[in-house]
Amino acid sequence: MTQLAQYQCPLCSSALIKNENSFQCEHNHSFDIAKEGYVNLLPVQQKKSLQPGDDKNMVLARRAFLQQGYYEFLRSALVDEISQLAPANVVDLGCGEGYYTDELQRVTSCLTYGIDISKSAVKYAAKRNKQVNYAVATNAHLPFGDQSIQVIANVFAPLVGEECQRILTKDGVIVSVAPGPNHLIELKQKIYQTPQLHDVPKPPAGFNTQSSKVVSKQVQLDNPNDIENLLTMTPFGWKISPQAKSELLANLPFSIQLDFVISQYVREL
């Protein structure tokens, strides 16, 4: 059974109470629970576009690519890192379609939240695991009370330091995944004349790096669909030229490096 979510109203910051098929606050702001099980806590005044975040095509491409198991080693490393912290609750900021969030809940069995600004992504995530509390929201206005979250998980999504400081307990931890220096370097070489390595990840404002480790793996892509999905789920999909894409698809298999940095960030003293 899903553990009871503890949200706060994105309009007035009052506590939200679940009432049948909606969440309501003391000021009568109400947010319906969708049939898939998620709640939309992104009011129109917090939107910068009509449909913010990843669109349906990007979500479906990422889901299809991840289902092939290429990032399983990263998911295992991330979940292991968080499991060792033994949190009572965890929120995955920028959860996407729930690939990492799902496993976090299954392994830790703690109160688990998934937050993403993309309604399309959260809709698919909510179908994946009913034990996770999923909500559409922005990382700039998180629907949680002050010092109420023990661990923030984050894979690639931008973090707002001030909001992370607000919702984390005093000894709370951010466990963040960023691209390593050589992530997808072979694909970059197909697109750019002088491909740049990724920068060393930096903690969000108000945090220091407590630990950092690299996890990487060389994988071979021999299915054109996997190449197409990888391109669609990254900015490279609209940066690669038609000629370069045709050459890439015509010369499979394609060996590519998956390179990540998992960092733990804690509050500055």
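A residue is taken as buried under 20% relative accessible area, as exposed over 50%, and as partly exposed in between. On this scale Glu 72, with a relative accessibility of 30%, counts as partly exposed, whereas Arg 75, at 12%, counts as buried. The structure described here is a predicted model, and the accessibilities and distances reported below were computed from its atoms.

The side chains of Glu 72 and Arg 75 meet in a salt bridge with an N to O distance of 2.7 Å. Because these two residues stand 3 residues apart in helix 2, about one helical turn separates Glu 72 from Arg 75. The structure holds 8 salt bridges, and another of them lies within a helix: Arg 106 is paired with Asp 102, the closest N and O atoms being 2.8 Å apart. Here the partners are 4 residues apart in helix 3, so that Arg 106 and Asp 102 are again separated by about one helical turn. Asp 102 has a relative accessible area of 6% and is therefore buried, the limit being 20%. A further salt bridge joins the side chains of Glu 228 and Lys 245, at 2.9 Å from N to O. Since Glu 228 belongs to helix 7 (residues 224-232) and Lys 245 to helix 8 (residues 242-250), this pair ties together parts that are 17 residues apart in sequence. Both of its members are partly exposed, Glu 228 at 29% relative accessibility and Lys 245 with a relative accessible area of 27%. In addition, salt bridges that share partners join Asp 146, Glu 163 and Arg 166 into one network.

The nonpolar interior was examined next. In soluble globular proteins, nonpolar side chains tend to be buried together. In the present model the largest nonpolar core has 40 residues, and those with the most contacts inside this core are Tyr 71 and Leu 187. Helix 2 (residues 72-83) gives the most to this core, contributing 6 residues. Apart from this core lies another, of 26 residues, which includes Val 39, Ile 115, Leu 168 and Ile 174. When residues up to four places away in sequence are not counted, Tyr 71 touches Phe 65, Leu 66, Tyr 99, Tyr 100, His 183, Met 233, Leu 258 and Phe 260.

Tyr 71 also takes part in the aromatic contacts, of which a search of the whole structure finds 10 pairs. With Phe 260, Tyr 71 forms an edge-to-face pair, for which the centre to centre distance is 5.1 Å and the angle between the planes is 70 degrees. This pair links distant parts of the chain, since Tyr 71 lies in the loop between helix 1 (56-66) and helix 2, while Phe 260 lies in strand 11 (residues 254-267), 189 residues apart. Both residues are buried, Tyr 71 with a relative accessible area of 3% and Phe 260 with one of 0%. The ring of Phe 260 pairs in addition with that of Phe 156, the centres being 6.0 Å apart and the planes at 35 degrees, so that this pair is tilted. As Phe 156 is located in the loop between strand 8 (149-155) and helix 5 (161-167) and Phe 260 in strand 11, the pair ties together parts that are 104 residues apart in sequence. Phe 156, at 40% relative accessibility, counts as partly exposed. One aromatic cluster is formed by Phe 65, Tyr 70, Tyr 71, Phe 73, Phe 156 and Phe 260.

Helix 3 (residues 99-108) was considered together with the surroundings of Asp 92. In this helix Tyr 99, Tyr 100, Thr 101, Asp 102, Leu 104 and Gln 105 are buried, and the helix is followed by Ser 109, whose phi is positive, near 60 degrees. Asp 92, which lies in strand 5 (residues 89-93), is buried yet has no salt bridge, the nearest side chain of opposite charge being that of Arg 128, 9.5 Å away. The separation of 9.5 Å is to be set against the 4 Å within which a salt bridge is counted. The side chain of Asp 92 is instead joined to that of Thr 101 by a polar contact of 2.7 Å. With neighbours within four places in sequence left aside, Asp 92 is in contact with Tyr 100, Thr 101, Tyr 113, Gly 114, Ile 115, Ala 153 and Asn 154. Among these contacts, Tyr 100 and Thr 101 are buried residues of helix 3, and Ile 115 belongs to the core of 26 residues.

Key
Residues numbered from 1 in each chain as written. Predicted model: local features only at pLDDT ≥ 70, side-chain atom pairs only at ≥ 80, totals over all residues. Heavy atoms only, no water. Buried < 20%, exposed > 50% of the residue type's maximum accessible area, 1.4 Å probe, protein only. Lys, Arg positive; Asp, Glu negative; His and termini not counted. Polar contact = N/O pair within 3.5 Å; in protein donor to acceptor, adjacent residues only side chain to side chain. Contact = heavy atoms within 4.5 Å. Core = buried A, V, L, I, M, F, W, Y, C linked by side-chain atoms within 4.5 Å. Phe/Tyr/Trp six-rings, centres within 6.5 Å; stacked < 30°, edge-to-face > 60°.
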